[in-house]
Amino acid sequence: MKDGTGAYASEKARGFYASQVMNLAGVENRRIRDAFAEVVREAFLPPPPWAVISMGVARRTSDVAEIYNNVLVAIDSERGINNGEPALHAAWIDAVDPQPGETVIHVGAGTGYYTAILALLVQPDGHVEAFEYEADLAAQAARNLTPYPNVTVHAASAFGRVLPNADIVYVNAGAIAPDVQWLRALNPGGRLIFPWQPHKGWGPALLVTRRERGFSAHSLMTVGFISCSGTTEKISVANLPTEADLADVRSVWIRSERSPDANAIAVYDDVWFSSEAVES
C-alpha cells in the first residue's frame with residue numbers, strides 16, 4: 001500500500017530501476033546498483049508534475065514510477081537544465097570507480113542527485129566537494145544533501161580556482177578544455193571524467209588518469225551536455241579538432257610542464273591533447 005507521499009511506490013520502483021540502469025549501462029558493480037536503489041530521485045527534483053524526457057521527447061507526469069526509468073527529468077526547462085540520463089551516469093561512475101575513503105570533486109552538481117550517489121560510494125570515510133555555479137541550484141542541492149554529511153556544497157564555479165586534492169573529478173557540464181586545476185587536483189592514480197566539447201554541444205566523454213609520467217586519456221562515448229558556466233576558454237574555429245582527432249587522443253598535458261609537440265591534436269591556453277600514449 002502507498003502512503004500520501006508515494007514513498008512505497010518509490011521504494012519498490014527504485015529496485016527495478018537500479019537493475020534496469022545497470023543493464024542498460026553494461027555495469028555489474030553491485031555497489032553502484034545499490035546506490036542507485038537507495039537514493040530517492042524525486043527528493044532532488046521539482047514538485048510534480050515532472051517533465052520526463054526520453055529520445056528527445058518530453059511529457060509531463062505525476063506518477064513517481066515514471067521517473068524511475070532511464071529518462072532525463074527537467075530541473076529548469078528554460079535554462080535547459082536536467083537531471084541527466086541514469087544509465088550514462090552509471091557508466092561514468094563505473095569508469096571512475098569511487099572507493100570508500102576517496103575524495104570526489106563534483107563539478108556541475110545541479111540539485112545533487114548524482115552527488116548523493118557519489119557520496120554513498122565513498123562512505124564511510126570519503127568526502128564529496130560539490131560545485132554548482134547557479135546559486136539557486138546550489139541552494140537546493142545544499143538542502144537536498146542535508147542527509148549526506150560527507151558532502152560540502154560550494155555555490156561557485158570550479159573553473160580557475162585551486163581545488164583540494166582529490167581521487168576523482170567528476171564533471172557534469174561540457175567544457176571546451178579541462179581546467180588545468182582539475183588536472184593538478186588529481187592524486188596519483190586519480191581519475192577525471194568530463195564531456196570534452198570543442199564542437200558546440202557535443203564531443204567525447206573523456207576519462208583522464210594521473211599516471212607517474214603524465215595524464216593518460218581515452219574517450220568513452222559521444223555525449224552532449226550543457227556548457228560549463230564560469231569558463232573563459234575559447235578556441236579558434238579554424239583550429240577545431242576533427243572527429244578523427246577526438247578519437248585519437250591518448251594523453252593530456254599541462255603546457256607549463258611540457259610544450260606541445262608534433263603529436264598535439266588540440267592546444268589551449270593551459271593544456272593540450274596528444275595522440276601519444278603515456279607509459280604506465
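How many bridges pair strand β5 with strand β6, and in which sense, parallel or antiparallel? In this predicted model, β5 and β6 (residues 127–131) pair in the parallel sense over five bridges, and the legends below begin with the overall view before turning to that pairing.

**Figure 1. Overview of the predicted protein chain, with its seven helices and 14 strands.** Of the 280 residues in the chain, 51% are buried. Among contacts with a sequence separation of 6 or more, 56% join residues that are 24 or more positions apart. The chain exposes about 12900 Å², and carbon and sulfur atoms supply 49% of that area.

**Figure 2. Strand β5 and its parallel partners, β6 and β8.** Strand β5 covers residues 103–107, and because four of these five residues are buried, the strand is largely enclosed by the rest of the structure. On the β6 side, five bridges hold the parallel pairing, and Val-104 has Val-128 as its bridge partner in β6. The chain passes from β5 through helix α4 (residues 113–122) to β6, making a β-α-β crossover that is right-handed. Strand β8 (residues 166–171) also runs parallel to β5, to which it is joined by four bridges, and here Val-107 stands opposite Val-171.

**Figure 3. The pairing of β6 with β7, and the helix that links them.** Strands β6 and β7 are paired in the parallel sense over four bridges, with Glu-129 standing opposite Thr-152 in β7. Together with helix α5 (residues 135–144), these two strands make up a right-handed β-α-β unit.

**Figure 4. The largest nonpolar core, which has 50 residues, and another core apart from it.** Within the largest core, the residues that touch the most other members are Phe-36, Ile-117, Tyr-148 and Tyr-170. Helix α4 contributes nine residues, the largest share of this core. When its neighbours within four places in sequence are left aside, Tyr-148 is in contact with Val-39, Phe-44, Ala-116, Ala-119 and Leu-120. Another core lies apart from this one and consists of 32 residues, among them Ala-166, Val-169, Ala-217 and Phe-273.

**Figure 5. Aromatic residues: the pair formed by Phe-159 and Trp-182, and a cluster of six rings named below.** The count of aromatic pairs in the model comes to eleven. In the tilted pair of Phe-159 and Trp-182, the ring centres are 4.9 Å apart and the planes make an angle of 55°. Because Phe-159 lies in the loop between β7 (151–154) and β8 while Trp-182 lies in helix α6 (residues 180–185), the pair ties together parts that are 23 residues apart in sequence. Both Phe-159 and Trp-182 are buried. Elsewhere in the chain, Tyr-17, Phe-36, Phe-44, Tyr-68, Tyr-113 and Tyr-114 form one aromatic cluster.

**Figure 6. Two serines in strands: Ser-219 in β11 and Ser-274 in β14.** Ser-219 belongs to strand β11 (residues 214–223), and with a relative accessibility of 30% it counts as partly exposed. The C-alpha atoms of Ser-219 and Pro-204 are 5.6 Å apart in space, although the two residues are 15 residues apart in sequence. Leaving aside neighbours within four places in sequence, Ser-219 is in contact with Pro-204, Ala-205, Leu-206, Leu-246 and Ala-247. Ser-274, which is found in strand β14 (residues 271–274), has a relative accessibility of 0% and therefore counts as buried. With the neighbours within four places again left aside, Ser-274 has contacts that include Asp-248, Arg-250, Trp-253, Asn-263 and Ile-265.

**Figure 7. Backbone details in four loops: cis peptide bonds before Pro-49 and Pro-124, and positive phi angles at Met-55 and Asp-97.** The peptide bond from Pro-48 to Pro-49 is cis, with omega near 5°, and Pro-49 sits in the loop between α2 (30–38) and β1 (50–54). A further cis peptide bond, with omega about 10°, joins Gln-123 to Pro-124, the latter placed in the loop between α4 and β6. Met-55 is not a glycine, yet its phi is positive at about 55°; this residue is in the loop between β1 and β2 (57–61) and, at 83% relative accessibility, counts as exposed. Asp-97, also not a glycine, has a positive phi of about 50° and lies in the loop between α3 (86–96) and β5, where its relative accessibility of 32% makes it partly exposed.

Note on methods: Residues numbered from 1 in each chain as written. Predicted model: local features only at pLDDT ≥ 70, side-chain atom pairs only at ≥ 80, totals over all residues. Heavy atoms only, no water. Buried < 20%, exposed > 50% of the residue type's maximum accessible area, 1.4 Å probe, protein only. Contact = heavy atoms within 4.5 Å. Areas by Shrake-Rupley, 256 points an atom, 1.4 Å probe, with all protein chains shown as cover. Pairing = 2+ DSSP bridges. Right-handed = clockwise from strand over helix to strand, strands pointing away. Core = buried A, V, L, I, M, F, W, Y, C linked by side-chain atoms within 4.5 Å. Phe/Tyr/Trp six-rings, centres within 6.5 Å; stacked < 30°, edge-to-face > 60°.
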